[in-house]
Amino acid sequence: MSSELNTFLGELNEAQRAPVVHKEGPLMVIAGAGSGKTRVLTYRIAHLMKQGIDPFNILALTFTNKAAREMKARIEQLVGGAEAKNLWMGTFHSVFARLLRFDGQKLGYPSNFTIYDTQDSQRLIASIIKEMGLDKDVYKYKQVQSRISAYKNSLITVKAYLQNPELMEADAMARRPRMGEIYQNYVDRCFKAGAMDFDDLLLRTNELLSRFPDVLMKYQDRFRYILVDEYQDTNHSQYLIVRALADRYHNICVVGDDAQSIYSFRGANISNILNFQRDYDDAAVYRLEQNYRSTKNIVNAANSIIANNKDQLKKVVWTANEEGPKIKLHRSPTDADEGRYVAGSIFENTMQLQLKHSDFAVLYRTNSQSRSIEDALRKRDIPYRIYGGVSFYQRKEIKDLLSYLRLIINPKDEEALKRVINFPARGIGQTTVDKLTVAANHYKRSVFEIMENLDKVELKINSGTKSKLEDFVNMIKSFEILNGESDAFTVAEHVAKKTGILMEFKKDGTPEGIARMENIEELLNGIQDFVEGQKELADAKGDLTEFLEDVALATDLDNEKGDKNRVALMTIHLAKGLEFPYVYIVGLEEDLFPSAMSMNTRSELEEERRLFYVALTRAEKQAYLTYTQNRYRWGKLIDAEPSRFIEEIDESFIEDLTPKDNYRFKPLINTDIFGEATPSRGTRTQPQKNKLQSLGKARSSELKKLRRLKPNLGTPSTPGAEINLDVSEGTTVNHSRFGRGTVLKIEGTGVDKKAEVRFERGEVKKLLLRFAKLEVL
Ligand code: ATP
Ligand code: MG
């Protein structure tokens, strides 16, 4: 061991070293956040390579492709040389997409199959629902898509669905008795288009491995060593793939933390961890207890939170790191104030402590919360980057160009074809596209094939349209020829020019058009970059197919473009596995975090708590928890109550920074301190102001909703609310600022009640009674 200690193994503690040097056979590392699980995985791979294991025989599955790249880079440093490039490493989706390129033909897929992203799937489902003449308000395409996705991840094929009365009944109960048909049509259409959706990448891999023993054997032999990070969040489909591949050699190493399992809504199954020992009865289980990431205060606070969960494997997490400052708690009157507080605090910290912007992360429960934070950061000129919003590759102009590229590789790709058949406009209308789709369904061919054979099919379209369709087909074919002899960049640039896309945006001339053109340029740069990068890889060509796959499977964390010194804004789900010196967890309010959708059962609530545990344990030096008193939700302003999670933290680890007067009752920001119902802040946009006008109504329905969820909520905790509800027309009242007046009119009821008052000084004002401090004379 002593000679090993002189190598990189010396960079591990003893508990970590044991799983790293563990010889053959299954092993599992179960340990709390920041204890070095990912490090163990990385070092174990390096160690295997040092022992002479061929990197071609090692498969590592990570949560993001970025994590895989970083791991590879680290391994390269540890072992020296470029051998690490040959490791199979990446997310489940990217690794198995690659496998399906080699062997998917056995299932009838072309090796150049397209990967449909969620947007493509949803568009296809929407069009199927339309074609079937179903009510789109009952068959909501997003819901239908997520149902189908759930089936696939549980390995419920169409056939299995149709043999499962319970499932069918559940859908019928949800007024969707024709789910089975939609599912069938969707699967057929994807297949005909030579396309797989994200879930197919796992489902078809399972199918391939179970139906073709020779293929299974080949990959079992190839992947003699399998390693999985974040094992607690693998779904059933992923679990089965791993189990099948490891079935021959049993050299499987998984690391995870049950306390960080946060994807059950996507079918992740915490029992995978518990089943590991059942599946492999010779499995070695290692535990790590020392946290290297965070201060004592953060580690202990996180422990005190997770202790509230009943469902958990008991673990010890401690740290030798410094005590650190206490966790800072701050309450703001509104979400806009919360944004300003966070931006101000980041600003001060960067100045006082000479920190980089990239030392900070702001984490939230849902994407929509980013807006108020962004506004405040922009006002202070603090650069930031949002992860998980509309990704670069989802932008319209980018998807348009990519759709042309997809068509070159796979002309059957129906979603790509529909996007660009008439963009830029070339006089091919929706009616023509509909006719083509019907014909394609009838002849069981792709739309493109119908277009190639217009003379052979029965189709009522005029000769002008016909020749336009032929021109389009010929253009795509000319691109195909170019693609055969040029690299991805040359092809993409040619396509951008030749199709007229670039011209379209240039002509536009508006700032938006210019921005779109710049994005296309950015995409072309990206392709150039990619082509260069691929040259280094042993088994890569740098062609269009590889590029498109890279794009289709890029998780949002992967596309780090431009200046890296920025504050990171992301949902907690995306932050899993990452670490930042300073972390702000915002919106710690009941019904937001924990989410109103996740309070129905203990297990849902426990998952929210695990999410909070994940959030807090991202912080290295300092964590801030913020919440507000009033917040816009669904465009309405509501009272917010502090999250129960704040109370659950042992208070000895918390310091409350809320200025005393923030605790006094303050009216909603959109009423002034005198209770006027109209907005007075100049910073609000017109749509917001419009919303504020209808505030009263909105607020009441919101409160009703809240009360339904929490029957004990009672009436809002607003001083004076009940008393003031008594006034009626003709009542003489006194207002602290406007003086005496007479009520002219009463509008609304209950907490929405407004009074129009003519004051003796001459003004007529409309007051929201629950806020206006009126005295009845
Ligand atoms: P999570 O549960 O959040 O995924 P993890 O268990 O995977 O966390 P790592 O990310 O591997 O933990 O490690 C946390 C931090 O501690 C990293 O910055 C890592 O480099 C550091 N670290 C881990 N072990 C050691 C060690 N023995 N010596 C020094 N630093 C370490
Ligand atoms: Mg990790």
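**Exercise 1. Decide whether F489 is buried or exposed, and describe its surroundings.**

Solution. F489 has 20 C-beta neighbours inside 10 Å. The threshold for a buried residue is 20 or more other C-beta atoms within 10 Å, so F489 counts as buried. This assignment, like those that follow, refers to a predicted model. The next step is to locate the residue: F489 belongs to helix α23, which covers residues 488-498. Setting aside neighbours within four places in sequence, the contacts of F489 are L524, I527, Q528 and V531. A further pair can be added by C-alpha distance: F489 and F547, 58 residues apart in sequence, are separated by 9.7 Å in space.

**Exercise 2. Characterise the protein chain as a whole by its secondary structure, its burial and its contacts.**

Solution. Begin with the secondary structure, which comprises 32 helices and 23 strands. Next take burial: of the 777 residues in the protein chain, 43% are buried. Finally, consider contacts between residues at least 6 apart in sequence; 74% of these join residues at least 24 apart.

**Exercise 3. Compare the expected span of helix α5 with the distance between its end C-alpha atoms.**

Solution. Helix α5 runs over residues 92-103 and has 12 residues. The expected span is 1.5 Å times one less than the number of residues. For α5 this gives 16 Å, and because the end C-alpha atoms are also 16 Å apart, the two values agree. The buried residues of the helix are F92, H93, S94, V95, F96, A97, L99 and L100. One of them, F96, reappears in the next exercise as a member of the largest nonpolar core.

**Exercise 4. Identify which residues of the largest nonpolar core touch the most other members.**

Solution. In soluble globular proteins, nonpolar side chains tend to be buried together. The largest nonpolar core here contains 120 residues, and those touching the most other members are I45, A60, F96, I226, L401, L405 and I408. To see one of these in detail, take I45: beyond its neighbours within four places in sequence, I45 contacts I58, A60, I75, L87 and L227. There is also a second, separate core of 62 residues, including A568, M570, F593 and F645.

**Exercise 5. Describe the shell around ligand 1, and relate it to the binding site listed by UniProt.**

Solution. The shell consists of 19 residues, the closest being G36, K37, T38, R39 and Y292. Sorted by class, it has four nonpolar, nine polar and six charged residues. Helix α3 (residues 37-50) supplies the largest share, three residues.

The record can now be consulted. An unreviewed UniProt entry lists A31, G32, A33, G34, S35, G36, K37 and T38 under "binding site". Two of the listed glycines are examined in turn.

- G36 lies in the loop between β1 and α3. It is buried, since 23 other C-beta atoms are within 10 Å. Apart from neighbours within four places in sequence, G36 is in contact with Q16, L288 and Y292.
- G32 lies in the loop between β1 (27-31) and α3. With 25 other C-beta atoms within 10 Å, G32 is buried. Its contacts, with neighbours within four places in sequence left aside, are D257, A259, N291, K315 and V317.

**Exercise 6. Establish where K412 lies and whether it is buried or exposed.**

Solution. K412 is in the loop between α18 (396-409) and α19 (414-420). The count of other C-beta atoms within 10 Å is 22, so K412 is buried. Leaving out neighbours within four places in sequence, K412 contacts K192, A193, G194, S446 and F448. K412 and E449, 37 residues apart in sequence, have C-alpha atoms 7.3 Å apart.

**Exercise 7. Locate the cis peptide bonds preceding P424 and P594, and examine the positive phi values of D381 and D591.**

Solution. Consider the peptide bonds first. The bond from F423 to P424 is cis, with omega near -10°, and P424 lies in the loop between α19 and α20 (430-443). The bond from F593 to P594 is also cis, with omega near 10°; P594 lies in the loop between β15 (580-585) and α28 (602-616).

Now turn to phi. D591, in the loop between β15 and α28, is not a glycine but has a positive phi near 75°. It has 20 other C-beta atoms within 10 Å and is therefore buried. D381 is likewise not a glycine, with a positive phi of about 60°, and is found in the loop between α17 (370-379) and β13 (384-386). D381 has 8 C-beta neighbours inside 10 Å and therefore counts as exposed.

Technical notes
Residues are numbered from 1 along each chain as its sequence is written. Chains are lettered from A and ligands numbered from 1 in the order in which they are written. This is a predicted model: local features need pLDDT of at least 70, side-chain atom pairs count only at pLDDT 80 or more; totals for chains, interfaces and linings use all residues. Helices (H or I, at least four residues) and strands (E, at least two) are DSSP runs, numbered from the N terminus. A residue is buried if 20 or more other C-beta atoms lie within 10 Å of its own, exposed if 12 or fewer, and partly exposed in between; C-beta atoms are placed from the backbone. A residue is near a molecule or strand if its C-beta atom, placed from the backbone, lies within 6 Å of it. Ala, Val, Leu, Ile, Met, Phe, Trp, Tyr, Cys and Pro count as nonpolar, Asp, Glu, Lys and Arg as charged, and the others, Gly among them, as polar. Two residues are in contact if their C-beta atoms, placed from the backbone, lie within 7 Å. UniProt positions are given in the numbering used here, feature names are shortened, and annotations may be inferred rather than shown by experiment. A nonpolar core is a set of buried Ala, Val, Leu, Ile, Met, Phe, Trp, Tyr and Cys residues joined through C-beta atoms within 7 Å.
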